[in-house]
Amino acid sequence: LGFCMVRLPSIMQTHQDIYHRNYVYSIIFLNSSIILCLPEKLLVVTVATKETDGFRRFMRSAKHFNYTVKVLGRGQKWNGGDYMSAPGGGQKVRLLKAALEKMKTQDKIILFIDSYDVIFTSGPEELLKKFQQARHKVVFSSESLIWPDRHLEDKHPHVREGNRFLGSGGFVGYLPNIKEMVADWTGEDNDSDQLFFTKIYIDPAKRKAINITLDSKCRLFQNLHGALDEVVLKFEDRRVRARNLLYDTLPVIIHGNGPTKINYLGNYIPNTWTFENGCTLCHEELRPLTALKSEYPLVVIGIFIQQPTPFVTVFFERLLKLQYPKNRLKLFIYNQVTGGHLIHHLYPKILGEEMDGVASRNLGFDMCRKDKDCEYFFSLDIEVVLKNENTLKILIEQNLPIVAPMITRAGRLWSNFWGALSVDGYYARSEDYVDIVQGRRVGVWNVPYVSSVYLVKADLLRSELTEYELFNSHILDPDMAYCHNIRSKGIFMYVTNMHTFGRILSTENYQTGHLHNDLWQIFENPVDWQDRYIHENYTYIMKDKLIETPCPDVYWFPLFSDVASNHIVEEMEHYGKWSGGGNVDNRIQGGYENVPTVDIHMNQINFEKEWHKMLLEYIAPITEKMYPGYYTKFDLAFVVRYKPDEQPSLRPHHDASTFTINIALNQVGLDYQGGGCRFLRYDCSIEAPRKGWALMHPGRLTHYHEGLPTTAGVRYIAVSFVDP
């Protein structure tokens, strides 16, 4: 016994597994004889001229299942061409032929596979069992697409079911048969291994002599090229496999051949991420910064401003709050926005305005590459909202070649990474993408594309990524070109969602025709608008009962931040067309104002829609709380200006509203003296309105009121009439 018999009878009666010495042996009872397959008879042979991230992943999966692996070509120069996109790979056949000539054990079973884009999903016992069941001495992986010579299609044998074409990236067989198969190899290193093996297979005489077949239904090998939609994850007890839906098989080996890589499957198989344990590798090989005895690594932060972007001021305010020693940071800032007066006014010392975005990114990388002290390059686009102050520390501690913090667009599934690639190298949604984006699966994920914000090890720029023009392409945008170049080098990119990092702004409809353009962003970027313009205590109004009642049925609560109040006042003064305070007013229905003020209506600065949105989002919930069952309908909205020499006060009056919102836009004592509001019926005055706080009171019948005189400075209030 001791090895798998060469030939199997055509009729199999029974089959079972036995366990011995921590191995599972496949036993097939054929009449009175027993055939025993020992895992130690299997040798995995692969070619790897350098240790890439993919190779390390391959070896990790092989070790997990106790495969014995022999690696050929270590340290040698690769001369096999770029066989991922063009014919090549002959060097693999030459190295295999030489290695087999030194092997003498005739009962040895050889599994020859690629390694940079291959993972095991199961152990040698299952592989040997399925190899036996194929009833041939050599079994090749199969593909649904023919490559590289389509003219040979008609010469391929037809199969009853499954893939018809040979894939050279994986085959298993007995040593003598594989020796015979490669014996005639005399080609060059850059010749096509695929074409070499295909011609053997389509030759009926050679196919029969060597006894070759294809794994047509992917029981042993799953090539992903042309089959992405056929393969899904199958979660088992504390392990994960890939399942071929088309043939309902569980392949032992997954091969991301051609332009199609393993993509998301490698993030799970065999047990990298499971529902029971989550991410099993996320805390391995970290670089804890707290353990450093020397200074923190020096990081060059590249900031790229390529289109008019809202909340630029806030971006730089957050940058200053990064929890990282400032003496270990260098800034490279590129600004392509020549018409953005706000950006230029705030940040005049900006590099690279004479070059385009592609050149700027190449230059930023090269600055780090040439700076011997630079250990990391942190690429950061201006539209990134980096809320986590520890982002830089977290990414460095992951100790990965390229890693991005996952950021998303608020309320949408858009993010800064792709879960998978299509056949033509563009975006494809992986089956786990939504779960990752929405935080139902948490970990560190190998992905084919990152953008907007990511950290790159400088050593990588000085070794694998020495080419200057990493972002250049005639057909791809800069980020896609960069990621394509990274993938072509066999370098893995990662995205982590183990922490909440922030989000990305929408810039598509950003208008720059106002003084403070960000005020108009309540629709496009509502979360950032709230962060910037709504009072920091607004969200505590209901929970902590922050609504005050300074007068009967008058409610007082925080609404606007100081920035919001300032921007509204400055926007109105910038517009400058204040009404004269007379009774004749063509802006309103009827053209006559009984109690006129010096004001500017919100619709005069095209802010009416945004103002109504603000009222619905932030005022309506409070009115519904204070006036249950009352439907809120907003009408007139305007900003009033009070000045001692213009209009210092407002005589007693009722408002043309069911109730009124009155928001103080500047600070008594600092910006003006006097002012306030008095409700005559109750002889109750509010003489020190708080900046950014809103008064809500009935407009008619019970709350006859007046504006108290402003004695110095200028007072501004924003007024809205509700349900007139």
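Guide: Let's pin down one word before we start: buried means under 20% relative accessible area, with exposed being over 50% and partly exposed in between (1.4 Å probe, protein chains only). What you have above is a predicted model, where local features need pLDDT of at least 70, side-chain atom pairs count only at pLDDT 80 or more, and totals for chains, interfaces and linings use all residues. Residues are numbered from 1 along each chain as its sequence is written, and side-chain values use heavy atoms, with hydrogens and water left out.

Visitor: How many disulfides are there?
Guide: A disulfide is a covalent bond between the sulfur atoms of two cysteines. Here, a pair of cysteine sulfur atoms counts if they sit within 2.5 Å. Go by that rule and the count is three.

Visitor: Is the disulfide of cysteine 279 and cysteine 282 right-handed or left-handed?
Guide: These two cysteines are joined with an S to S distance of 1.8 Å. The torsion about their S-S bond is about 95°, so this disulfide is right-handed.

Visitor: What is the relative accessible area of cysteine 279?
Guide: Its partner, cysteine 282, is buried at 4%. Cysteine 279 counts as buried too, because its relative accessible area is 18%.

Visitor: And the link of cysteine 368 and cysteine 374: right-handed or left-handed?
Guide: Both of these cysteines are buried, and their sulfurs are 2.1 Å apart. The angle about the S-S bond is -80°, which makes the link left-handed.

Visitor: Which strand holds cysteine 684?
Guide: Cysteine 684 is bonded to cysteine 551, S to S 1.9 Å, and the torsion of about -85° there makes the disulfide left-handed. Strands (E, at least two residues) are DSSP runs, as are helices (H or I, at least four), all numbered from the N terminus. Cysteine 551 lies in strand E30 (residues 548–551), so the pair ties together parts 133 residues apart in sequence, the other end being in residues 684–686, strand E38.

Visitor: Are cysteine 551 and cysteine 684 buried or exposed?
Guide: The cut-off from the start settles this: under 20% relative accessible area is the mark to beat. Cysteine 551 and cysteine 684 are both buried.

Visitor: Which cysteine sulfur is closest to that of cysteine 483?
Guide: Cysteine 483 is buried, with a relative accessible area of 0%. Its sulfur is 17 Å from the closest one, too far for a bond, and that neighbor is cysteine 368.

Visitor: How far is the sulfur of cysteine 677 from the closest cysteine sulfur?
Guide: Cysteine 677 is buried at 7%. The closest sulfur belongs to cysteine 551, too far for a bond at 7.8 Å.
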